[in-house]
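The following exercises concern a metal site and a ligand pocket. Work through each task before reading its solution.

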Amino acid sequence: MTKVFGHRGSKGYFPENTLLSFHEAIRAGVDGIELDVHLTKDRQLVVIHDATVDRTFDGSGYVKDFNLVDLKRLKLNQSFKSFTHYQSTWDLERIPTLEEALEIFALAKIDLNIELKTTQFDYPGIEEMVISCVKQYAPSLNVIYSSFHLPTLARLRACDPNCNIGFLVEQPIPLLQDYLKQFQLNKIHLDKSLIKHIKMTSDISMQDIKVWTVNKTSELIYFLNKEVDTIITDFPDRALQIRHELKANSS
Ligand code: G3P
Ligand code: CA
């Protein structure tokens with residue numbers, strides 16, 4: 001059965017990559033959650049999508065130029081007040097550390113996809129730090145690490161020969177199966193528009209593919225019928241409902 005992962009928690013409904021967003025995705029019944037990590041100036045792993053804080057919080061500048069204590073002072077950007085379910089309690093949300101997020105997932109017993117955001121800054125040592133953090137705070141969690149940055153994936157593999165690694169792909173790559181073999185990658189995390197470029201071979205099956213970011217009903221039905229390994233979506237409740245209906249109709 002195709003798994004449903006909440007993108008940055010429950011990004012369509014709640015402030016992305018916050019503990020609130022993670023709790024709500026878990027409450028919706030997701031099989032897993034996807035989140036993004038960067039490194040602060042004082043080398044703390046934090047959960048945020050952009051390299052800068054500007055879009056999602058009320059400060060300005062690169063995450064890498066903040067110490068954690070200063071990042072933690074930032075409040076959510078006013079733009080989240082326009083969300084349908086906005087409540088004033090949301091204003092208490094802060095940029096989470098990876099450790100804080102892992103403590104939630106360790107209890108929730110769902111899967112986790114940690115994306116290392118290393119395309120703009122390489123954050124030397126981040127791969128080993130992320131793997132160690134998981135081993136310390138959620139050792140029994142089923143985690144897959146992903147990145148658009150191939151050297152990061154190679155470093156993850158060198159740090160842990162047994163970890164699960166997903167290659168984020170946003171443009172057609174000829175001979176993709178060669179990348180999987182050469183870099184010992186476990187999954188392809190595919191931009192949904194690229195599915196037509198993927199040729200099923202003995203080396204690549206739908207079970208090797210996680211697609212992002214699938215939000216429209218028609219697309220959710222399409223990828224659920226294709227039986228890809230995982231759908232990553234901003235609207236996990238929608239995906240879970242459609243999966244339930246498709247299953248009910250087929251039995
Ligand atoms: O991991 C899938 C997806 O999150 C990758 O793109 O930009 O949303 O991090 P982005
Ligand atoms: Ca991501």
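**Exercise 1: the metal site**

Asp36 has a relative accessibility of 0% and counts as buried (under 20% relative accessible area; exposed is over 50%, partly exposed in between; 1.4 Å probe, protein chains only). The model is predicted: local features need pLDDT of at least 70, side-chain atom pairs pLDDT 80 or more, while totals for chains, interfaces and linings use all residues. Residues are numbered from 1 along each chain as written, chains are lettered from A and ligands numbered from 1 in written order, and side-chain values use heavy atoms, without hydrogens and water.

Task: Which protein donors bind the calcium ion (ligand 2), and how are they spaced along the chain?

Solution.
1. Donors are N, O and S atoms within 2.8 Å of the metal (3.2 Å for Na, K and Ca); water is not among the atoms, so sites may look incomplete.
2. Glu34 (OE), Asp36 (OD) and Glu115 (OE) are the protein donors, 2.1 to 2.2 Å from the ion.
3. Their spacing is E-x1-D-x78-E.
4. Glu34 is buried, at 4% relative accessible area.

**Exercise 2: the pocket of ligand 1**

Task: Which polar side-chain atoms lie 2.8 Å from an oxygen atom of ligand 1?

Solution.
1. The residues around ligand 1 (a heavy atom within 4 Å) include His7, Arg8, Glu34, Asp36 and Glu115.
2. A polar side-chain atom of Arg8 lies 2.8 Å from a ligand 1 oxygen atom.
3. One of Glu34 also lies 2.8 Å from an oxygen atom of ligand 1.

How values were computed. A polar contact is a pair of N or O atoms within 3.5 Å; within protein, one must be able to donate a hydrogen and the other to accept it, and residues adjacent in sequence count only if both atoms are side-chain atoms.
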